[in-house]
Amino acid sequence: MNRAKIRAIVQKEFADARKNKMIIITMALIPTLLVAMVLGTAFFMLNVESAGEASMDQDDLSIIPPQLQGQEPMHAVLIMLNDQYMFYFLLIPMMLPVYIAAYSIIGEKETKSLEPLLATPISTWELLIGKSLAATIPAVILTWLSFIVLIIGGYLIMPEPVFLAMIRPVWVVGMLLLSPLLALLSVFSGVIVSSRMNDPRAAQQVTGIFVIPIIALSLVVLAGKIFLSVWMVLLAAIIALAVDCVVLYFAVKLFKRETILTNWK
Amino acid sequence: MIKAERLTKRFDGNLAVHDLTLNVERGEVFAFLGPNGAGKTTTVRLLAALIAPTEGQAWVNGYQIGQDNINVRRSVGILTEAPGLYERLNAVQNLTLYAKLYEVDDVSGQLEKYLRLLGLWERRDEPVGGFSKGMKQKLAIARALLHEPPLLFLDEPTAALDPEAARTVRDFIGEIKEAGRTIFLCTHNLDEAERLADRVGVIKQRLIQVDSPANLHRSLYGRRVVIQLANITDPVRAAVNDLPFVKEMEQVDNALFISLDNPEEQNPILVERIVTAGGAVQFVNELSHSLEDIYFTLIEEEDQESLS
């Protein structure tokens, strides 16, 4: 594996993406909206009295998990809400890069630049890893940046216990470790789809397969059935890493240069 | 440089290239001619290790196709039918990617060399999307040459170019030829092939014939001279027919079309006999056929053979 070739692919993809303002705007939009939603919800609940009162009936209190029983009810509800939003932060790097990854292969075919590229002495591993990294890196950086903005915003507007819950190790480890691995999972699956189909939108739909279990888990957390621990996140990261390796292997095996060159019109 | 033995390629049972046996020597310009769908691009893709043969084997620069594909790709440059450039990137960014993929040592030096050589240096920082077709084609040629490959595949290098751009590209190919590089040229442009190629191969799924244009001409038509006379009389006709080396004679108005094996030695004797028989010789020319005539003759023969 030649790292210089992988780097060359990544640099080219970055240069190309920088010239495409639509991609940059689309990528920045979702994290920005999510940060605004989390902070806006907290601000609304803390500052509009009727909203706080309305949410504090007995049914709500009954779903608070034992780990949060010592907290004020409002704080406990906010922590649970924020925990659910954190899952959406984990989904950002899954949603953002898949279209870019898929289009980076399908687009090459459409513009007829794939043939000269495949005629170079680059291996399929190098090509797909380069393309995947180029799609993953900006998505992960954007996720991390939005997480930092969220923490700064949380520090400014949230009560201390809620803020401390936001930066507890489970989410820091989740953001640093799990989000890149989930992004890669999404990108590799997008690459598989793009090597079999001509439409990058198909790759986005396939990513839904991986998004659904995470949304389901977030609902379980919101219902107070599970309170996430660092060990659970680490276990999830190990599983994600293993699945990443398997999906990448299949992405390379299913990337048939000849079929892509001769059958795609 | 290129050695192909019984190379065959089928796509879902459809024969694209059949039983291709071919040798291309170092420093040679080999033109590959054939109608659309004849298998020219498929042959280039096979020899550039982009697709695998169904049957047969081939070696390019000593590396076997299918066994050592990375080295095959490293040792050839390819200009594909479409330039396939990244239109949002500038010329330097386009070439830098390929220089790195081909592991070129002096990236900036090679970039400058070919951008200057092809007259693109001043436009190097502009997005390629704004280039004319000719400029894009020149940039694609530069991309194929960056790593100084000994063998270059050029697939329709002047197709879709205006005459001026086509001429610039053709002149540059001539310069590459002078530099001693081996060129495998796929083209529809028979005039281009005639000007540039040392040998031509005519393909229509199978390779119909390979030789230099002169030898193909000789094998198809023999050598014919045209002798223009003031008038043609019976004694003149008889004098020509009596010569043992005259293979065939045809009269059109006051011109005699005569097939000979060796006009350089036989023309003086022929002219002397005609003059002795009372003929007034005005002009003597060798009749030549263009590569276009040769091409169509071969393709028609192939079509008739296929039908029969």
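How many helices and strands are there in chain A? There are 12 helices and 0 strands. This is a predicted model, in which local features need pLDDT of at least 70, side-chain atom pairs count only at pLDDT 80 or more, and totals for chains, interfaces and linings use all residues. Residues are numbered from 1 along each chain as its sequence is written, while chains are lettered from A and ligands numbered from 1 in the order in which they are written.

**View 1. Chain A as a run of helices.** The pattern along the sequence is α-α-α-α-α-α-α-α-α-α-α-α. Helices (H or I, at least four residues) and strands (E, at least two) are DSSP runs, numbered from the N terminus. Of the 265 residues in chain A, 40% are buried. Buried means that 20 or more other C-beta atoms, placed from the backbone, lie within 10 Å of the residue's own; 12 or fewer means exposed, and in between means partly exposed.

**View 2. Helices α1 and α7 of chain A.** Helix α1 covers residues 3-18 and helix α7 residues 124-157. They pack at an angle of about 40°, with their axes 8 Å apart. Axes are lines fitted to C-alpha atoms, for helices over the stretch in contact, and angles run from 0 to 180 degrees between N-to-C directions. α1(A) and α7(A) are therefore oblique to each other. Angles under 35 degrees count as roughly parallel, over 145 as roughly antiparallel, 65 to 115 as roughly perpendicular and the rest as oblique. Residues of α1(A) in the contact include A:Ile6, A:Ile9 and A:Phe14. Those of α7(A) include A:Leu127, A:Ile129 and A:Leu133. Two residues are in contact if their C-beta atoms, placed from the backbone, lie within 7 Å.

**View 3. Strand β13 of chain B and its partners.** β13(B) spans residues 255-260. B:Leu256, B:Ile258 and B:Leu260 point to one face and are buried. B:Ala255, B:Phe257 and B:Ser259 point to the other face and are not buried. β11(B), residues 223-229, pairs with β13(B) in the antiparallel sense over 6 bridges. Strands pair if DSSP finds at least two bridges between them. B:Val226 stands opposite B:Phe257.

**View 4. The hairpin of β12(B) and β13(B).** β12(B), residues 248-252, and β13(B) pair in the antiparallel sense over 5 bridges. B:Met249 stands opposite B:Ile258. The hairpin has 2 residues between its strands. In the turn, B:Asp253 has a positive phi of about 55°.

**View 5. The contact of chain A with chain B.** Chain B gives 25 residues and chain A gives 22 residues. On the side of chain B, the largest share, 5 residues, comes from α3(B).
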